[in-house]
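Thank you all for coming. I would like to take a few minutes to walk through one structure, going from a single residue out to the contact between chains and then to the charged and aromatic pairs.

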Number of protein chains: 2
Amino acid sequence: MSLRVGVIGGGQLARMMIAPAVELGIDIRVLAEAEGMSASLAATAVGDYRDAETVLAFARDVDVITFDHEHVPQPVLRALVDAGVAVHPGPDALRFAQDKLVMRARLAEIGAPQPDWAAVHDAAQLQAFLDDHGGRAVVKTPRGGYDGKGVRVVASADEADDWFADFAGEPILVEELVSFRRELAQQVARRPSGEMVPYPVVETVQRDGVCSEVFAPAPRASERLVEVAARLAMQIAEGLGVTGMLAVELFETTDERILVNELAMRPHNSGHWTQDGAVTSQFEQHLRAVLDLPLGDPSPVAEAAVMVNILGGPQGEAMTDRIAAAAAEHPSAKIHTYGKEPRPGRKVGHVNAVGDLDAAAYTARAAAAFFD
Amino acid sequence: MSLRVGVIGGGQLARMMIAPAVELGIDIRVLAEAEGMSASLAATAVGDYRDAETVLAFARDVDVITFDHEHVPQPVLRALVDAGVAVHPGPDALRFAQDKLVMRARLAEIGAPQPDWAAVHDAAQLQAFLDDHGGRAVVKTPRGGYDGKGVRVVASADEADDWFADFAGEPILVEELVSFRRELAQQVARRPSGEMVPYPVVETVQRDGVCSEVFAPAPRASERLVEVAARLAMQIAEGLGVTGMLAVELFETTDERILVNELAMRPHNSGHWTQDGAVTSQFEQHLRAVLDLPLGDPSPVAEAAVMVNILGGPQGEAMTDRIAAAAAEHPSAKIHTYGKEPRPGRKVGHVNAVGDLDAAAYTARAAAAFFD
């Protein structure tokens, strides 16, 4: 009998687990939100991940449940655990990914470096934070944000009035506006039995709050930075009880500190380069980790890897034509598509290239530009 | 609409096309011989590939038909072509892979270097060939041989009596017993529109007529050898009208010539190293080629890649335990399994490793040894 992994959510992260699952002989099954989703090839069920009965039925014949996203409600996660299902990452860890205030409080407890922050209940408290932090700050809804949604830079307290109304007395998160040199991301895999393997720290570039490019390993990173970032991610994985892949999004400040921006407890856009640029891809590593199999070698296979997202992109047959055109000009570009209907700004695929940094960046960007 | 590829045959070669198909956004569908085969994840039909009706029904909604093996009978292939289905490689090319006498005759026509050979109808003709070639030779059944089956070294004509009887008046193939230094394999991809991309020539090691190890690129290969092998494979791909991946198995003789041993018109065991050791794997390249998409970069990503087959291997849960044990000791080993019931000597998976040649060979062999 093969090992059986059940993935909740049929998006591109589940889709990209299929390839390593097939190679390793892991039986991968997906609970998709609808027909025709990115991971439909492995979908054995379609249903609502917020419904405990649906999820329990899906989980009946698998060795472990894991996730394409962090949105499965805590009561559903608890029901799985109560039914004896192995769930990785587990509900206790996922709480920290589901609520940014809970995450900030926990990171403070374990002493992880992060921007100044506060839980603010009203405009007066927000104004006080602004007054203490140079008049500008970042406000975030504690739940439901992603890809730049639920995040806003404000210079006056009334700019968050709608969120105070929406959250009806619950606090929202305010953070110091960090003066950063660049953004980094540090991934680490952790097994339930404790083994941890960090990946090289990478540089990420955001456009309109959405990841657009990743450079791996992070260019011009000192040995100390590489070491500090890896240790920090391991400290967080352990401190928050994360199993599977953890991505720690970081600010590298102008005064050479690193601060935790966000966490993701699953394979992450900042790790897509590993599909073509590392001995073990983050998707294979996630499967190994959640199954408590020994972790793979995270070493890069080339001097550098560059990932460029395909955002938006053309529809239907036009997409096929663009793949052909990009492939014709750039035979070394690795094109990954998600089988999603394109919408402006939506991530529908990405391009990886490996080699020396300049050549990889040129190839990945030039190939991705065919999809504009 | 995605491009749709229909693969006839549900073995490991079809299975290993799934990963690149998913990443490139190609809709892959497999006609499997039975339930639960290696490529079952992508199986949309189960049936007999010798039955034209079954195959025509399977081919109805795909852009191209390709193969996990070369055994689809010519009348079935012709029925596909007559129905307007794109078939790659096509029937004319597959004839040369299906009948070794037809292949030898065609290679002679195009002037490809090969061992001395003859079509012999009876023991007297075989004896004459033996007398001309030092008293020993290799006899082969023209059809149905693979992995050492249908091949026999003989020193006297009566050792082929059973085959003369089986083939009832049809000739069998006899070949000079080549004094070779080592065996090589040269792969090339060719699109219907003509573009060809050769891979680096590799060294293959056979045990009991079955491929056991591959070293890529072939160690200590002169520039001239690399060039000659690539050109030869391109000459054959063109001369035989092959589309998709072609593998040319070669002897490197003690007097430094190369001679064509066998051909395979599909992804081939000698190219499994490309999954982890080349920018474009042979499985992705085959899909690109048969869809007439631009071909990918065949360059190695590391100094060397070594592939070691897993032959036989343990059953069921024991297999999972061995994967875990091998992975624990060798984090950089890339383990690929075929989801097949193990039988002694049966190929049930392989291990790739990349790096410098010695380290890669050590890792691949040591990890594969866990499955003995």
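Leaving aside its neighbours within four places in sequence, which residues is Q187(B) in contact with? Before I answer, please keep in mind that this is a predicted model. The residues in contact with Q187(B), with those neighbours left out, are V197(B), P198(B), Y199(B), M245(B), L246(B), A247(B), H268(B), S270(B), G271(B) and Q282(B). Q187(B) lies in strand β9 of chain B, and at a relative accessibility of 3% it counts as buried. With one residue of that list, Q282(B), there is also a polar contact from side chain to side chain, at 2.7 Å.

Let me turn to the contact between the two chains. Chain A and chain B each bring residues to it, 37 from chain B and 37 from chain A, and the area buried between them is about 3,100 Å², with carbon and sulfur atoms giving 58% of that area. On the side of chain B, the residues V22(B), E23(B) and L41(B) supply 20% of the area that this chain buries against chain A, which is more than any other three residues supply.

As for the polar side of this interface, the rule finds 16 residue pairs in polar contact across it, counting pairs in which both residues are at pLDDT 80 or more. The elements of chain B that give two or more residues to the side touching chain A are α1 (12–24), α10 (282–290), α11 (316–329) and β16 (334–337). By class, that side of chain B has 21 nonpolar, 9 polar and 7 charged residues.

The count of salt bridges between chain B and chain A is 2, and one that I can show you is formed by the side chains of E284(A) and K334(B), with N to O at 2.7 Å. On the other chain, K334(A) has its place in strand β16 (residues 334–337) of chain A, and with a relative accessible area of 8% it is buried. Leaving aside neighbours within four places in sequence, K334(A) is in contact with D276(A), H350(A), V351(A) and N352(A), and also with V279(B), T280(B) and E284(B). The backbone oxygen of V279(B) lies 2.8 Å from a polar atom of the K334(A) side chain.

A further residue to look at here is Q275(A), which lies in helix α9 (residues 274–277) of chain A and counts as buried at 18% relative accessibility. The side chain of Q275(A) makes a polar contact, at 3.4 Å, with the side chain of E23(B). Its contacts beyond four places in sequence include M16(A), F283(A) and H336(A) as well as E23(B).

Now to the salt bridges over all chains, of which a search of the whole structure finds 48. In chain A, E70(A) forms a salt bridge with R266(A), the closest N and O atoms being 3.2 Å apart. This pair links distant parts of the chain, 196 residues apart, with E70(A) in the loop between β4 (64–67) and α3 (74–82) and R266(A) in the loop between β14 (258–264) and α9. Both partners are buried, E70(A) with a relative accessible area of 8% and R266(A) with 18%.

In chain B, E262(B) forms a salt bridge with K140(B), and the closest N and O atoms are 2.8 Å apart. Because E262(B) lies in strand β14 (residues 258–264) and K140(B) in strand β6 (residues 137–140), the pair ties together parts that are 122 residues apart in sequence. E262(B) is buried at 14%, and K140(B) counts as buried at 3%.

Finally, the aromatic pairs, where the count over all chains comes to 2. The rings of F180(A) and F251(A) have centres 4.8 Å apart and planes at 20°, so this pair is stacked. F180(A) is in strand β9 and F251(A) in strand β13 of chain A, so the two tie together parts 71 residues apart in sequence. F180(A) counts as partly exposed at 37% relative accessibility, whereas F251(A), at 10%, counts as buried. In chain B, the rings of F180(B) and F251(B) likewise have their centres 4.8 Å apart and their planes at 20°, so that pair is stacked too.

Terms used
Residues numbered from 1 in each chain as written. Chains lettered and ligands numbered in written order. Predicted model: local features only at pLDDT ≥ 70, side-chain atom pairs only at ≥ 80, totals over all residues. Heavy atoms only, no water. Contact = heavy atoms within 4.5 Å. Buried area = accessible area lost by both parts, 1.4 Å probe. Salt bridge = Lys/Arg side-chain N within 4 Å of Asp/Glu carboxyl O. Polar contact = N/O pair within 3.5 Å; in protein donor to acceptor, adjacent residues only side chain to side chain. Helix = DSSP H or I, 4+ residues; strand = E, 2+ residues; numbered from the N terminus. Nonpolar A, V, L, I, M, F, W, Y, C, P; charged D, E, K, R; others polar. Phe/Tyr/Trp six-rings, centres within 6.5 Å; stacked < 30°, edge-to-face > 60°. Buried < 20%, exposed > 50% of the residue type's maximum accessible area, 1.4 Å probe, protein only.
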